[in-house]
Amino acid sequence: MGFDEMDVDTIWKNGEFLDWEDATTHVLTHALHYGSGVFEGVRCYDTERGPAIFRWDEHLDRLFDSAKMYDMDIEHSREEITEATLELLDRQDLESCYIRPIAYYGYDSLGVSPKDCPTDLVLAAWPWGAYLGEEALEDGVDVMVSSWRKHASSQVPTNVKTTGLYVNSMLAGEEARRNGYVEAIVLNKEGNVAEGPGENIFMVNDGEIYTTGPAQSILEGITRDTVITLAEERGYEVHDEAVISRGQLYTADELFFTGSAAEVTPIRSVDDTEIGAGTRGPVTEELQSAFFDLVERRTDDHDEWFTYL
């Protein structure tokens, strides 16, 4: 669904609310030419206790940490950004939605150095369902291992969420879709598993859970952290700095993706090799159910993770 088909009409930029069509930037904006922006993707859920943003504080932490890595000065405080986001959702009557904060070097000069460029901050929100499709949450997705490798943390920081680095994700994802798959898995420069283009990856073997860690050039996802916590609370042993070879993907009992957009999505095949029984596995189903029970507030657990509207 395109934005013009959604009931959204307002964007917040640099301290003021603008009509959607007026939220523009100059064609010589530094970030457009050099990818010098940092962003977050956050979900607000229409819970049984009212609309609530999930793990907003952690997303703000990462936004400011990412900006610090790029010497980017976000002039608005966390409190201002939070208040603006809550008002943005209220103005558009959004209850279940996706929130996109983005900070980027704006228009002034076009040398590689952004030293004279202002930092623009934008907040947008819109309705967005399951990232990989509603049916994927139950049936799982077919994926391929991409020919594109994940950049190493010695080349560019992989622990920050920055716009330019998502060219790598776009290439991998589009390669997969051109070949008839829903999503990709990206290997790191050593040839071990890193993550998906916009998701972290989990493997289940013999009742234990494995997920790649920062040393494998991943972005440490907030949903990844959530699922690790939920799994450990249910008694699972979680290896959260695992080294997973490509071959281990094919022989795994279960595989699944996590992410703010993807939530908890089973993987049913890799390179046309069926994973387990080729359906959502029991551990994946348990953790997926626990995740949705949590974010829809059918449980009292982790109320500190929610910012209510």
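**Exercises on strand β15 and charged side chains**

At 35% relative accessibility, R234 counts as partly exposed, a class that lies between buried (under 20% relative accessible area) and exposed (over 50%), judged with a 1.4 Å probe and protein chains only. The model is predicted, so that local features need pLDDT of at least 70 and side-chain atom pairs count only at pLDDT 80 or more, while totals for chains, interfaces and linings use all residues. Residues are numbered from 1 along each chain as its sequence is written, and side-chain values use heavy atoms, with hydrogens and water left out.

**Exercise 1.** Find the salt-bridge partner of E233 and state how accessible E233 is.

*Solution.* Begin with the rule, by which a salt bridge is a side-chain nitrogen of Lys or Arg within 4 Å of a carboxyl oxygen of Asp or Glu. E233 meets this rule with R234, since their closest N and O atoms are 3.9 Å apart. E233 itself is partly exposed, with a relative accessible area of 44%. Elsewhere, R49, R297, D300 and D303 are joined into one network by salt bridges that share partners. The whole count by this rule comes to 21 salt bridges.

**Exercise 2.** For the salt bridges of E58 with R55 and of D116 with K115, work out whether each residue is buried, partly exposed or exposed.

*Solution.* Take the pair of E58 and R55 to start with, where the closest N and O atoms stand 3.4 Å apart. R55 is buried because its relative accessibility is 5%, whereas E58, at 23%, counts as partly exposed. Next take D116 and K115, whose side chains meet at 3.3 Å, N to O. Here D116 is partly exposed at 43% relative accessibility, and K115 is exposed, with a relative accessible area of 68%.

**Exercise 3.** Trace the strands that pair with β15, and explain why β15 is described as largely enclosed.

*Solution.* Strands are DSSP runs (E, at least two residues) numbered from the N terminus, and two of them pair if DSSP finds at least two bridges between them.

- Step 1: β15 covers residues 263-270, and because seven of its eight residues are buried, the strand is largely enclosed by the rest of the structure.
- Step 2: β14 (residues 254-259) runs antiparallel to β15 and is joined to it by five bridges; F257 has T265 as its bridge partner, and the two strands form a hairpin with three residues between them.
- Step 3: β16 (residues 273-274) also pairs with β15 in the antiparallel sense, over two bridges, with S269 partnered by E274. The hairpin of β15 and β16 has two residues between the strands, and D271 in the turn has a positive phi of about 50°.
- Step 4: β8 (residues 141-149) runs parallel to β15 and is joined to it by three bridges; V141 is partnered by I267 and V143 by V270.
- Step 5: β8 is also joined by four bridges to β9 (residues 183-187), again in parallel, and R149 stands opposite L187 in β9.

**Exercise 4.** Locate D7 along the chain and list the residues that share its surface patch.

*Solution.* D7 lies in the segment before β1 (10-13), and D7 is exposed, with a relative accessible area of 67%. A charge patch is made of residues with over 30% relative accessible area and no salt bridge, like charges being joined within 9 Å. D7 gathers with D9, D19, E21, D22, D46, D90, D93 and E95 in a surface patch of negative charge.

Notes:
Patch = residues over 30% accessible without salt bridge, like charges linked within 9 Å, V, L, I, M, F, W, Y side chains within 5 Å. Areas by Shrake-Rupley, 256 points an atom, 1.4 Å probe, with all protein chains shown as cover. Lys, Arg positive; Asp, Glu negative; His and termini not counted. Charge placed at Lys NZ, Arg CZ, Asp CG, Glu CD.
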